[in-house]
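Trainee: I am new to this structure and would like a close look at a single part of it. Could you take me through one helix and whatever packs against it, explaining the terms as they come up?

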Amino acid sequence: MGQTSRALAHALSIKEQGDKVKELLGDIWLALGDLKAAEGSFLAIPEKKRSAKVNFCWGSAALKLTGTGWTNFCQGRKNGSQILQAG
């Protein structure tokens, strides 16, 4: 069992899955190449609570799946650059 699979097993065993756990699950699903599961994890995070990273990853997954994620991909890039400029 690889490191990514063990991380997935651990993340799925967490009972209270808050937004950070959902983000972690999305990251793990992306690493495993399951874009639909990754998209589902990212979409489970309320829109107002999504970070630039989540929008970027979700947008790139959706772009690969359907070609419709371009807006989210760009929004993630825009928010990320604003965060870097503010920091």
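Mentor: A helix here is a DSSP run of H or I with at least four residues, a strand is a run of E with at least two, and both are numbered from the N terminus. This is a predicted model, in which local features need pLDDT of at least 70 and side-chain atom pairs count only at pLDDT 80 or more, while totals for chains, interfaces and linings use all residues. Residues are numbered from 1 along each chain as its sequence is written, and side-chain values use heavy atoms, leaving out hydrogens and water.

The protein chain has five helices and zero strands, so let us look closely at H2, residues 19-32. The 14 residues of H2 should span 20 Å at 1.5 Å a residue (the rise times one less than the number of residues), and the C-alpha atoms at its ends are indeed 20 Å apart, which agrees. Val21, Glu23, Leu25, Gly26, Ile28 and Trp29 of H2 are buried, where buried means under 20% relative accessible area, exposed means over 50% and partly exposed lies in between, with a 1.4 Å probe and protein chains only. Just after H2, Gly33 takes a positive phi of about 85°.

One neighbour of H2 is H1 (residues 3-13), and the axes of the two helices come within 10 Å and cross at roughly 150° (lines fitted to C-alpha atoms over the stretch in contact, with angles from 0 to 180 degrees between N-to-C directions). That makes H1 roughly antiparallel to H2, since angles over 145 degrees count as roughly antiparallel, under 35 as roughly parallel, 65 to 115 as roughly perpendicular and the rest as oblique. H1 passes H2 in a left-handed crossing, meaning that the near helix is turned anticlockwise from the far one by less than a right angle, with clockwise giving right-handed. On the H1 side, Thr4, Ser5, Ala7, Leu8, Ala11 and Leu12 meet Val21, Leu24, Leu25, Ile28, Trp29, Ala31 and Leu32 of H2, a contact being heavy atoms within 4.5 Å. These residues divide into 11 nonpolar, two polar and no charged, with Ala, Val, Leu, Ile, Met, Phe, Trp, Tyr, Cys and Pro counted as nonpolar, Asp, Glu, Lys and Arg as charged, and the others, Gly among them, as polar. Ser5 in this contact is partly exposed, at 30% relative accessibility, and its C-alpha lies 8.2 Å from that of Ile28, although the two are 23 residues apart in sequence.

Another neighbour of H2 is H3, which packs against it at an angle of about 165°, with the axes 8 Å apart. H2 and H3 are therefore roughly antiparallel to each other, and their crossing is left-handed. Here Lys22, Glu23, Leu25, Gly26, Asp27, Trp29 and Leu30 of H2 meet Leu35, Ala37, Ala38, Ser41 and Phe42 of H3, and this contact divides into seven nonpolar, two polar and three charged residues.

Ser41 repays a second look, for this residue of H3 (residues 35-43) is buried, with a relative accessible area of 11%. Leaving aside residues up to four places away in sequence, Ser41 touches Lys22, Leu25, Gly26 and Trp29.
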